Amino acid sequence: MLLWATFQVIAVPCIYFRTTFNTLFWIYTAVVVILIGCGVWALQSGAGTRKYRTGSRRRWLSPFLIIALLVIAGQMCVYIFGMHLDEDDARWIAEANDALVKNRMLLNNPATGEYIGRFVGEMIKDVFSSWSMYLAWLSRTTGIRAVVIAHTVYPPILLGLSYSAYYEIGCQLFADEKGGKSKAHERGIFLLMVSVINLFMAGNVYTQSVFTLTRIWQGKAVVAAVMIPAILAIILRVQQTNPQAEGPIRDWILLIVVGVSCCLFSGMGIAIGLLLLAIYGLYVVACMIVRTARHKEYKWKSCAIRVGLWLASLVPSIVYGLGYLRLKG
């Protein structure tokens, strides 16, 4: 999530001011190296570790979880050995290839390859949701063609992230009991149900399950498959820590990061991320008001920090949304 959010913050100004793709590539690559260094330092120093209140730290490998992992592995194999194509691919993959070959970002017509020199049509959305440029960055970094990255290499990774978010939701819903009794079976059953239900929810081409299992590399599909469950998992983590939404500030910062990364994928990501975070923030504020009215006391400093972080989580979506409306005219 941090890598996605960082790319979004760097890429949008680079695209908007018409810099070259090489400029974006080297700036972001340098940032990634720095982030990796910080991560290694944090692991070695023990910084950033903390125990979440999900009960016992001991995790039992449930047979239901093993079955769920086998089902998920089968779904990953379908992505590796099969491929779905539609019109959205023709735009995103073409934009990624244009950036790699011509060193321009969203200034060529993806249908004809003709140089336009300005943002027109659906490319205006891609200025503020730079997913195609992220695919181009992955392609140059790995040396694998963008179309192979999008259709074969990255889908199993995205699918794994999707089910990881669902497993985190299961951990929050079925936390271990205080007496030490593990609920590994419940978490395994939950993940198994999600993986099996996805196989039978293809009522039309726009369901979340279809996005997850047929074209997860597309921006709006990543929002449906990965980002919405991830936002829900973090919200549950905050709520599980304290029923009055006084979760650790760190979780609120993580919610901001996820909100920014949600904007990377599509205009739908900008809108849905804003909607989910806004609704949850209003719920938090309502809880604070009700609790204050009942008990006549509250930690106002703590409340102000959390409300400030909630408002900060809305800023990226609002800025990108207004930028799109202004550019569209």
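In this predicted model, the buried residues of helix H1 are Trp4, Ala5, Thr6, Phe7, Gln8, Ile10, Ala11, Val12, Cys14 and Ile15. Helix H1 covers residues 2-16, and two of its buried residues, Trp4 and Phe7, are among those with the most contacts inside the largest nonpolar core. The protein as a whole has 13 helices and zero strands, and 47% of its 329 residues count as buried.

**Helix H1 and its end**

- Helix H1 has 15 residues and reaches 22 Å from its first C-alpha to its last, which is close to the 21 Å expected at 1.5 Å a residue.
- Trp4 touches residues from many places along the chain, including Tyr28, Trp131, Tyr154, Val222 and Phe265.
- Other contacts of Trp4 include Tyr134, Leu158, Leu161, Val226, Met227, Ser261 and Leu264.
- Just after helix H1, Arg18 adopts a positive phi of about 60 degrees.

**Overall organisation**

- Read along the sequence, the protein follows the pattern α-α-α-α-α-α-α-α-α-α-α-α-α.
- Of the contacts between residues at least 6 apart in sequence, 73% join residues at least 24 apart.
- The protein exposes about 16400 Å², and carbon and sulfur atoms supply 68% of this area.

**The nonpolar core**

- In soluble globular proteins, nonpolar side chains tend to be buried together.
- The largest nonpolar core here contains 77 residues.
- The residues with the most contacts inside this core are Trp4, Phe7, Leu24, Trp131, Met133 and Tyr134.
- Helix H10 gives the most to this core, with ten residues.

**Salt bridges**

- A search of the whole structure finds five salt bridges.
- Arg91 forms a salt bridge with Glu95, and their closest N and O atoms are 3.7 Å apart.
- Both Arg91 and Glu95 belong to helix H4 (residues 87-102), where they are four residues apart, about one turn of the helix.
- An α-helix has 3.6 residues a turn, so residues three or four places apart point the same way.
- Arg91 has a relative accessible area of 9% and is therefore buried, and Glu95 likewise counts as buried because its relative accessibility is 3%.
- A salt bridge also joins Glu122 to Lys125, with the closest N and O atoms 3.9 Å apart.
- Glu122 counts as partly exposed at 44% relative accessibility, and Lys125 is partly exposed with a relative accessible area of 31%.
- In another salt bridge, the side chains of Glu168 and Arg237 meet at 2.8 Å, N to O.
- This pair links distant parts of the chain, with Glu168 in helix H7 (residues 146-173) and Arg237 in helix H10 (residues 219-241), 69 residues apart.
- Glu168 is partly exposed, with a relative accessible area of 22%, whereas Arg237 is buried, with a relative accessible area of 14%.
- The cut-off for a buried residue is under 20% relative accessible area, so these two values fall on opposite sides of it.
- Through shared partners, salt bridges join Arg91, Glu95, Glu122, Lys125 and Asp126 into one network.

**Leu106 and its surroundings**

- Leu106 lies in the loop between helix H4 and helix H5 (123-128).
- Although located in a loop, Leu106 counts as buried because its relative accessibility is 3%.
- Beyond residues up to four places away in sequence, Leu106 touches Ile15, Glu95, Arg118, Phe119, Met123, Asp126, Val127, Ser132 and Met133.
- One of these contacts is Ile15, which is a buried residue of helix H1.
- Two others, Glu95 and Asp126, are members of the salt-bridge network.
- Leu106 and Asp126 are 20 residues apart in sequence and 7.8 Å apart in space, C-alpha to C-alpha.

**A nonpolar patch on the surface**

- Phe64, Ile189, Met193, Ile197 and Met201 form a nonpolar patch on the surface, with about 430 Å² of accessible area together.
- Helix H8 (residues 184-199) supplies the largest share of the nonpolar patch, three residues.
- Ile189 lies in helix H8 and is partly exposed, with a relative accessible area of 34%.

Conventions
Residues are numbered from 1 along each chain as its sequence is written. This is a predicted model: local features need pLDDT of at least 70, side-chain atom pairs count only at pLDDT 80 or more; totals for chains, interfaces and linings use all residues. Side-chain values use heavy atoms; hydrogens and water are left out. A salt bridge is a side-chain nitrogen of Lys or Arg within 4 Å of a carboxyl oxygen of Asp or Glu. Helices (H or I, at least four residues) and strands (E, at least two) are DSSP runs, numbered from the N terminus. Buried means under 20% relative accessible area, exposed over 50%, partly exposed in between (1.4 Å probe, protein chains only). The expected span of a helix is 1.5 Å times one less than its number of residues. Contact means heavy atoms within 4.5 Å. Accessible areas come from the Shrake-Rupley method with a 1.4 Å probe; for residues, only the protein chains shown count as cover. A nonpolar core is a set of buried Ala, Val, Leu, Ile, Met, Phe, Trp, Tyr and Cys residues joined through side-chain atoms within 4.5 Å. Patches are made of residues with over 30% relative accessible area and no salt bridge: like charges are joined within 9 Å, nonpolar side chains (Val, Leu, Ile, Met, Phe, Trp, Tyr) within 5 Å.
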